[in-house]
Amino acid sequence: MSRLILDTIERTVGTYAVTFLGLLLADGVDLTNVGSLKAAAIAAIPAGLSVLKAAIGSLVGDKATVGWVPKERL
């Protein structure tokens, strides 16, 4: 699997997990109610945007990663 795909997967899963856990904590951790299902669905939005950001990053940033900062600036 290419480095760009692995980088995108890592960023997307991380974004989803952080968003979902943040929503659960803000609403009170109760995994048995409908609010948890809504939190899971809502957390998919930033994760999807993370994929879009990664796709753009593969074109404008360092070609070895999906980051937007060029390698010369690191």
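Student: Let's start with α1: which residues in this helix are buried?
Tutor: Happy to, and keep in mind that we are looking at a predicted model. Buried here means under 20% relative accessible area. In α1, the residues that are buried are Asp7, Thr8, Thr12, Phe20 and Leu24.

Student: What helps to cover the buried residues of α1?
Tutor: There are two helices and zero strands in the protein. The buried residues of α2 pack against α1 (3–27). Looking from the other side, what covers the buried residues of α1 includes α2.

Student: How far apart are the end C-alpha atoms of α1?
Tutor: We can begin with what to expect: at 1.5 Å a residue, the 25 residues of α1 should span 36 Å. The model agrees with that, because the end C-alpha atoms of α1 are apart by 36 Å.

Student: And what does α2 reach from its first C-alpha to its last?
Tutor: Helix α2 covers residues 34–60, which makes 27 residues. At 1.5 Å a residue, 39 Å is expected. The value in the model is close to that, with α2 reaching 40 Å.

Student: Which residues of α2 are buried?
Tutor: It helps to recall that an α-helix has 3.6 residues a turn, so residues three or four places apart point the same way. With that in mind, take a look along the helix in your viewer. The buried residues of α2 are Ser36, Ala39, Ala43, Ala47, Ser50, Ala54 and Gly57.

Student: What is the relative accessibility of alanine 54?
Tutor: Alanine 54 is found in helix α2. Leaving aside neighbours within four places in sequence, alanine 54 is in contact with Thr8 and Val66. Alanine 54 counts as buried because its relative accessibility is 3%.

Student: How far apart in space are the C-alpha atoms of alanine 54 and valine 66?
Tutor: Along the chain, these two residues are twelve residues apart. They are also in contact. Their C-alpha atoms are separated by 5.0 Å.

Student: Is lysine 38 buried or exposed?
Tutor: Lysine 38 lies in helix α2. The cut-off for exposed is over 50%. The relative accessibility of lysine 38 is 53%, so lysine 38 counts as exposed.

Student: What separates the C-alpha atoms of lysine 38 and glycine 61?
Tutor: Counting along the chain, lysine 38 and glycine 61 are 23 residues apart. Their C-alpha atoms are separated by 34 Å.

Student: Which residues form the aromatic pair in this structure?
Tutor: A search of the whole structure finds one aromatic pair. The pair is stacked, with 6.1 Å centre to centre and 10 degrees between the planes. Both partners lie in helix α1, four residues apart, which is about one turn of the helix. They are tyrosine 16 and phenylalanine 20.

Student: Which partner of that pair counts as partly exposed?
Tutor: Phenylalanine 20 is buried, because its relative accessible area is 19%. The other ring has 31% relative accessibility, so the partly exposed partner is tyrosine 16.

Student: In the segment after α2, which residue's backbone nitrogen lies 3.2 Å from a polar atom of the threonine 65 side chain?
Tutor: Threonine 65 is found in the segment after α2. Setting aside neighbours within four places in sequence, threonine 65 is in contact with Leu4, Asp7, Gly57 and Ser58. The backbone nitrogen at 3.2 Å from the side chain belongs to glycine 67.

Student: What is the relative accessibility of aspartate 62?
Tutor: Aspartate 62 has its place in the segment after α2. Not counting residues up to four places away in sequence, aspartate 62 touches Gly57, Gly67, Val69, Pro70 and Lys71. Aspartate 62 counts as buried because its relative accessibility is 13%.

Student: What is the relative accessible area of glutamate 72?
Tutor: Glutamate 72 also lies in the segment after α2. Its C-alpha is 9.9 Å from that of glycine 61, with the two residues eleven apart in sequence. Glutamate 72 is exposed because its relative accessible area is 73%.

Student: To finish, what is the radius of gyration of the protein?
Tutor: The C-alpha atoms fill a box of roughly 45 × 25 × 15 Å, taken along the principal axes. Buried residues make up 23% of the 74 residues. A compact globule of 74 residues would have a radius of gyration near 11 Å, but this protein has 15 Å.

Technical notes. Residues are numbered from 1 along each chain as its sequence is written. This is a predicted model: local features need pLDDT of at least 70, side-chain atom pairs count only at pLDDT 80 or more; totals for chains, interfaces and linings use all residues. Side-chain values use heavy atoms; hydrogens and water are left out. The expected span of a helix is 1.5 Å times one less than its number of residues. Buried means under 20% relative accessible area, exposed over 50%, partly exposed in between (1.4 Å probe, protein chains only). Contact means heavy atoms within 4.5 Å. Rings of Phe, Tyr and Trp (its six-membered ring) pair if their centres lie within 6.5 Å; planes under 30 degrees apart count as stacked, over 60 as edge-to-face and the rest as tilted. A polar contact is a pair of N or O atoms within 3.5 Å; within protein, one must be able to donate a hydrogen and the other to accept it, and residues adjacent in sequence count only if both atoms are side-chain atoms. The radius of gyration is taken over C-alpha atoms; the globule rule is 2.2 Å times the number of residues to the power 0.38.
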